[in-house]
Amino acid sequence: MLALAVDWWLGEPPAGWHPVVWMGRALQWWGERLAPVAPVARDLKVFWLAALAWCAQAAIIFIASWAAQELVLMLHGFLAAALLALLLKPLLAWRMLHDEVLAVEVALGQSLEAGRAQLSRLVSRDVSSLTAVQVRESAIESLAENLNDSVVAPLFWFALLGLPGAALYRFANTADAMWGYPGMRGGRYWQWAGKWAARADDVLSWVPARITSGLLAVVANGLPLSKLARQARKTPSPNSGWPMAAMALALGVRLAKPGVYTLNSRGRRAGPLDTQRAARLGSRVVLATVPVVVVLHLLVLGVWSGLRA
């Protein structure tokens with residue numbers, strides 16, 4: 001609760017102090033040395049070197065965050081909780097996501113070009129040919145997908161493994177965002193250099209994505225689960241389709257990535273108020289995540305106590 005409160009009141013720390021920014025810089029450094037500048041055939045050497053680099057960085061992050069957590073937990077109760085919340089906060093980001101998505105709608109009110117420019121801060125796809133409705137759909141999709149990646153999943157892994165779990169997840173998600181592409185991006189070929197990062201993120205996001213989808217169904221006062229499952233499977237990703245499909249059904253709108261998938265195809269076109277409704281649903285999911293995290297953590301403590309006994 002403290003970490004979420006700090007997130008909402010203060011937002012993101014400066015880039016120079018942000019651990020996710022540090023992760024990104026390390027990944028960029030390794031990526032520039034591992035990923036080839038032109039497409040290549042099957043390259044297992046690059047695959048394994050990139051996997052080794054991923055594992056080495058993940059180990060450093062896990063150990064460093066574990067050490068930080070151990071030092072903090074040596075302090076008195078409330079002080080330890082406050083410091084742990086400050087360490088956890090940079091590993092989740094709801095306020096920034098909420099504001100950036102709403103800013104897309106504000107920009108669209110000014111012009112289509114302004115809306116596209118604002119959306120480009122959120123997504124990696126080409127936005128130059130998107131219509132106003134497609135820009136809005138993309139913003140809502142981004143909110144739903146990142147609701148899992150930036151809030152629910154980090155808190156899920158925090159409940160299971162503490163600060164090291166949240167840090168490891170954020171590293172894996174950042175690595176997927178930077179390396180996990182099936183072709184050329186940023187002048188480099190990621191088919192083999194990014195495959196391990198993409199699969200690792202798929203594994204770590206599998207359960208949280210479905211929890212996010214379930215929470216969206218709950219705060220939307222119920223969704224048909226069979227229809228939700230069918231819609232979720234339409235996306236290439238095994239995970240991102242779940243929160244996006246849940247959001248589409250909760251809002252009653254159509255969400256699509258041109259040429260790739262269409263979710264809730266019988267839904268209406270997304271309007272300006274739907275962006276605000278999506279943000280409100282996201283805020284409810286964030287609050288609903290707290291008791292889920294508490295229950296998960298108590299279960300972990302119970303299992304751990306039983307094993308020690």
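Helices here are DSSP runs of H or I with at least four residues, numbered from the N terminus. This is a predicted model, so to speak of a local feature takes pLDDT of at least 70, side-chain atom pairs count only at pLDDT 80 or more, and totals for chains, interfaces and linings use all residues. Residues are numbered from 1 along each chain as its sequence is written, and side-chain values use heavy atoms, with hydrogens and water left out.

**View 1. Arg170, a buried charge without a salt bridge.** Arg170 sits in helix H8, residues 163-179. Buried means under 20% relative accessible area, exposed over 50%, and partly exposed in between (1.4 Å probe, protein chains only). A salt bridge would need a side-chain nitrogen of Lys or Arg within 4 Å of a carboxyl oxygen of Asp or Glu. For Arg170 the nearest side chain of opposite charge is Asp149, 6.6 Å away; Lys and Arg count as positive, Asp and Glu as negative, and His and the chain ends are not counted. Contact means heavy atoms within 4.5 Å. Leaving out residues up to four places away in sequence, Arg170 touches Val20, Met23, Leu91, Asp149, Ser150 and Pro154.

**View 2. Asp7, tucked into helix H1.** Helix H1 covers residues 2-10. With a relative accessible area of just 1%, Asp7 is buried. Neighbours within four places in sequence aside, Asp7 has contacts with Glu12, Lys89, Leu92, Ala93, Trp94 and Arg95. Take Leu92: 85 residues from Asp7 in sequence, yet 7.8 Å away in space, C-alpha to C-alpha.

**View 3. Arg42 in the loop between helices H2 and H3.** Helix H2 spans 19-34. Arg42 is exposed, at 65% relative accessible area. Its C-alpha lies 7.4 Å from that of Trp192, 150 residues apart along the chain.

**View 4. A nonpolar surface patch around Trp66.** Phe62, Ile63, Trp66 and Leu161 make up this patch of about 390 Å². Patches take residues with over 30% relative accessible area and no salt bridge, joining like charges within 9 Å and nonpolar side chains (Val, Leu, Ile, Met, Phe, Trp, Tyr) within 5 Å. Areas come from the Shrake-Rupley method with a 1.4 Å probe, and for residues only the protein chains shown count as cover. Helix H3 (residues 44-72) gives the largest share, three residues. Trp66, found in helix H3, counts as partly exposed at 46% relative accessibility.

**View 5. A positive surface patch with Lys227.** Lys227, Arg230, Lys234 and Arg266 form this one. Each charge is placed at NZ of Lys, CZ of Arg, CG of Asp or CD of Glu. Lys227 belongs to helix H10, residues 225-232, and counts as partly exposed at 31% relative accessibility.

Notes
Helices (H or I, at least four residues) and strands (E, at least two) are DSSP runs, numbered from the N terminus.
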